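Let's take a walk through a protein model together. Keep the sequence and the 3D view open, and follow along as we go from helices to strands to the core.

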Amino acid sequence: MRSIWNGSISFGLVTIPVKTYSATDRTSSVSFVRIHEKDGAQIQYRKICELDGEEVPNEEVGKGYQAPGDDAIVPITDEDLSRLPMPTAKTLSILSFVDPDQLDPLQMDKAYYLGPNGAAATKPYALLREALEDHRKVALGKVAMRGRESLAMLRAHNGAIVMHTLLWPDQLRPVTGVAPDEVELRENELTLAETLMDSLGELDPAELHDDYREAVEELVAAKLEGEPVAPAASGTSGAQVIDLTAALEKSVRAARGGREAGTEAEPASVTPIRGRKTAKKGEAEQGAAKKSGAAGKKAAAKKTAPATAKKAPAKKAPAKKTAAAPKAAGGRAKGTSTAKKTAAAGTSKKTASKTTAKTSTDEKSTAKKTAARKTSKRSSA
């Protein structure tokens, strides 16, 4: 790489000569030239003097300063700038060491690699790099490059020192009028958002590439070969009203499915907003079913009582249920308590075998005789 600036780092009483290299390459991004649509010729940009209308060569182009709101332009020469007291013109003076979290990322401007300039600079260069790594700090200073002074941040990165030029605090625009007013968020929405963040996993920088640049290159290749250009896939446009909770749950399932291929995604623990109404409706239907079932059992119990009264003493389990049901003075049974007891007895003795029914206790036999007497009294009446 070609060095774009040579200077030194002032670290207390230690001076480290360095060379500066650009850490980024913007030439790989998509760029277009302007052409004349009528004939396809490229449009040239020429420097024209406003007074005489003549083209000005590069060697006659100089600098000038125009104050804001003023039409007057003051010529400034390189000799004028060289007389200015600017100690940072060739030296990056470190002012302090701070935690990286104390810097606002909005101030980040451009990035440069710094390398030692000469053998004598190797040891102090390595010393500063190791100090930054071990202490987990970044250095803040000021440097003048390309005719202007900027804040600068130094940090250790992959065995080298990287310099980031920073914008001055007054160069940052306020956020007034950008952020929305207070928005009420549910706890389950925040939980799902955090779950989605965890489900996305880590990012591999090797998988990042410029899809737009590749599409432009394919388009250019197709035009050069005279092939038809494939139409772009139509995407959804415009704002869509969605259920935020449902969208978060689907996103979590999709993220987990992509990370763990072949395994079924675990359902989110939070019920969607639409699902809550359905759940309440289902609970109401279940409650109605239980009530109707209980009413049916009561009606069946009422029908069973007079029917079993005309029959002889039965040997099966239903006779025991009917016999044990009537318990009231004067031979009358209480309908509500009888239905409950009959349903409970029938449920608890469904799995009983015929052998168990035959080998019942003396108390059950006595209950049968009592039931038979009461039944005969009803029939005679």
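Start with helix α4, residues 211–224: at 1.5 Å a residue its 14 residues should span 20 Å, and its end C-alpha atoms are indeed 20 Å apart, so the two agree. (That expected span is 1.5 Å times one less than the number of residues; helices are DSSP runs of H or I with at least four residues, strands are runs of E with at least two, and both are numbered from the N terminus.) Before going on, know that this is a predicted model, where local features need pLDDT of at least 70 and side-chain atom pairs count only at pLDDT 80 or more, while totals for chains, interfaces and linings use all residues. Residues are numbered from 1 along each chain as its sequence is written, and side-chain values use heavy atoms, leaving out hydrogens and water.

Now look at the two ends of α4. At its start, a side-chain oxygen of aspartate 210 comes to within 3.2 Å of the backbone nitrogen of tyrosine 212. After the helix you meet glycine 226, with a positive phi near 75°.

Next, hop over to α3, residues 187–200. What should its 14 residues span at 1.5 Å a residue? The answer is 20 Å, and the end C-alpha atoms of α3 are 20 Å apart, so that agrees. Asn188, Glu189, Leu192, Leu196 and Ser199 are buried here (under 20% relative accessible area; exposed is over 50%, partly exposed in between, with a 1.4 Å probe and protein chains only). Looking down the axis of α3, these buried residues fall within an arc of 100°, so they line one face of the helix. (The arc is that of the directions from the helix axis to the C-beta atoms.) Why does such a pattern work? An α-helix has 3.6 residues a turn, so residues three or four places apart point the same way. On the other side of α3, Glu187, Met197 and Asp198 are exposed. Glycine 201 follows α3, and its phi is positive, near 75°.

On to the strands. β6 pairs antiparallel with β2 over 5 bridges, and 6 bridges join β6 to β9, also antiparallel. (Strands pair if DSSP finds at least two bridges between them.) Find tyrosine 113 in β6: tyrosine 21 stands opposite it, and so does valine 162 in β9.

Finally, the largest nonpolar core has 20 residues, with Ile9, Leu154 and Met163 making the most contacts inside it. (Such a core is a set of buried Ala, Val, Leu, Ile, Met, Phe, Trp, Tyr and Cys residues joined through side-chain atoms within 4.5 Å.)

Notes. Polar contact = N/O pair within 3.5 Å; in protein donor to acceptor, adjacent residues only side chain to side chain. Arc of directions from axis to C-beta.
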